[in-house]
Structure formats: C-alpha cells, structure tokens
Amino acid sequence: MAQKILLIEDDAQTAGYIVKGLTEEGMTVDHAANGRDGLFHATDGGYDAIILDRMLPGMDGMAVLGALRAGGIHTPVLMLSALAAVDDRVAGLTAGSDDYLTKPFAFAELLARLRLMLRRGGASAQPTTRLSCGGLEMDLLSRKVKRDSRPIELQPREFRLLEYLLRHKEQVVTRTMLLEGVWDYHFDPGTNVIDVHVSRLRRKIDDGETVPLIHTVRGAGYRLGTEA
C-alpha cells in the first residue's frame, strides 16, 4: 500500500516540486496551502507523515504542530523552514517535530529524511492513552479523570484544557499556547476565558487537597506540577 503523505506548504512552486517528486516515488500526497486547512486534514486523514512549512498563512506551522501534539496526534512531522539558525531548528524540534530541514533543499535529502522518519514512525510505540501527574490520572479512552480515588467530572473544554496541561506537565504554558492548543483561536487573546476555565479546573482538581497541582506563573501563564 502506498504511503500517504500530507504536505502543508503555501508556496505553489515548492509544493509542486515536492508533490511531483514524492508521487514519482510511489507515495500518495495530499496538499494543503494554508495552516488551517492543513490542520483539518492532519486531524482527519490517517497520514503516515506530514511535511509542514513553518511560515504559513492563516495559522503558522508552529501553531499547527502545537495543536496536533496537544490533540494527541503523533504523526511524524518533517518541518520545512527558511529559518536556519540553531535556535530556530531547536525551537522546531522541541515543539514536537521529528525532523527539521532548511530551505533551499535538495529533493534527495528531503526524501532520505522522510524515509528515515517513516521507518522510525512505523516502529514506534502505540499512542499514549493515559496521562498522569502526582495522584492525578486521565484516561483518554474512557475520558475519565480522578485524583487518587476521587473521580472528577469535567466539561469537554475542561477536559481538553487538563489534557493539554498534562501533556506539558512541569512546563510553563502561556495563554497564547492555550488559546492555540485548546481554543483553536476562537477567542481574542485579551479575553479572560482562559483564566475563568483554569480557575474552574483548579477548584475541581485542587480544592481540599494538600498539594496543589495547578500553579499560576505570574506574568507568564500556568504550570501543572507537583512542586510549587
């Protein structure tokens, strides 16, 4: 069966070059020309790998990558970018991409990196179905949450928010990250909707507990962790 690749690239010439080359290699390639369409396809298409441009209209590549990883989608991602500085490459890799290739590039190198990524992806473990921090546990299949033996009832948005925090436990997450990863840009960054939901979630998770898990990091955002 042909391997199915999603290409998210806004430059028509670059996209045509990649699509032609991969098709000639026997792969099936779907192309999206902006970040929003790419994210839609990536969450619905069952792809073997994604080639993702970093700078895209509508929703940039880093935001697309963050939304995918926050949503539990672990399809291997090869990020393309004209940003070649070490800090840029490190940012792309630490955000969840599996490889990072700078423009301009030779197709032979892109193909070699893609094939290596596909081999690694084929041998990878099954996706995570449980997340935890301290005594807090989330089952992604049954959508049940408990802290120690206490069940916690969450609304759908609260569940997504907690899942995002658990996937980034012991890390500071900014309001912008939450806006992109949980709310999909549906609200103005200046709104207090994030703070309201975090406050509600904190009451359900931490009220009555000796050790709080949800912490406000002044001037930065929030952090889920066992240490203050």
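This report walks through a predicted model of a single chain, from its overall build to a few local details.

## Overall build

Let's start with the whole chain. It contains eight helices and 12 strands. Along the principal axes, its C-alpha atoms occupy a box of roughly 60 × 35 × 30 Å. The radius of gyration is 19 Å, which agrees with the value near 17 Å that a compact globule of 228 residues would have.

Contacts tell us something about how the chain is connected. If we take the contacts between residues at least 6 apart in sequence, 58% of them link residues at least 24 apart.

## Surface and charge

Of the 228 residues, 42% are buried. The accessible surface amounts to about 11800 Å², and carbon and sulfur atoms account for 51% of that area.

As for charge, the chain carries 28 positive and 31 negative charges. The mean positions of these two sets lie 5 Å apart.

## An enclosed parallel pair: β1 and β2

Strand β1 covers residues 4–8, and four of its five residues are buried, so this strand is largely enclosed by the rest of the structure. Its partner here is strand β2, made up of residues 28–32. The two strands run parallel and are joined by five bridges. If you would like a place to look in the model, try Leu-7, whose bridge partner in β2 is His-31.

## A hairpin: β11 and β12

Further along the chain, strand β11 (residues 214–217) pairs with strand β12 (residues 221–224). This pair runs antiparallel, with four bridges between the strands. One of the pairings to look for is Thr-216 with its bridge partner in β12, Tyr-222.

Together β11 and β12 form a hairpin, with three residues between the strands. The turn includes Gly-219, which has a positive phi of about 80°.

## A closer look at Thr-129

Our last stop is a loop residue. Thr-129 sits between α5 (107–122) and β6 (130–133). Its relative accessibility is 33%, and because buried means under 20% and exposed means over 50%, Thr-129 counts as partly exposed.

What does Thr-129 touch, once residues up to four places away in sequence are set aside? Its contacts are Met-138, Asp-139, Leu-140 and Leu-141. Arg-143 is another useful reference point: it lies 14 residues from Thr-129 along the chain, and the C-alpha atoms of the two are separated by 9.7 Å.

Conventions
Residues numbered from 1 in each chain as written. Predicted model: local features only at pLDDT ≥ 70, side-chain atom pairs only at ≥ 80, totals over all residues. Heavy atoms only, no water. Rg over C-alpha atoms; globule rule 2.2 N^0.38 Å. Buried < 20%, exposed > 50% of the residue type's maximum accessible area, 1.4 Å probe, protein only. Contact = heavy atoms within 4.5 Å. Areas by Shrake-Rupley, 256 points an atom, 1.4 Å probe, with all protein chains shown as cover. Lys, Arg positive; Asp, Glu negative; His and termini not counted. Charge placed at Lys NZ, Arg CZ, Asp CG, Glu CD. Pairing = 2+ DSSP bridges.
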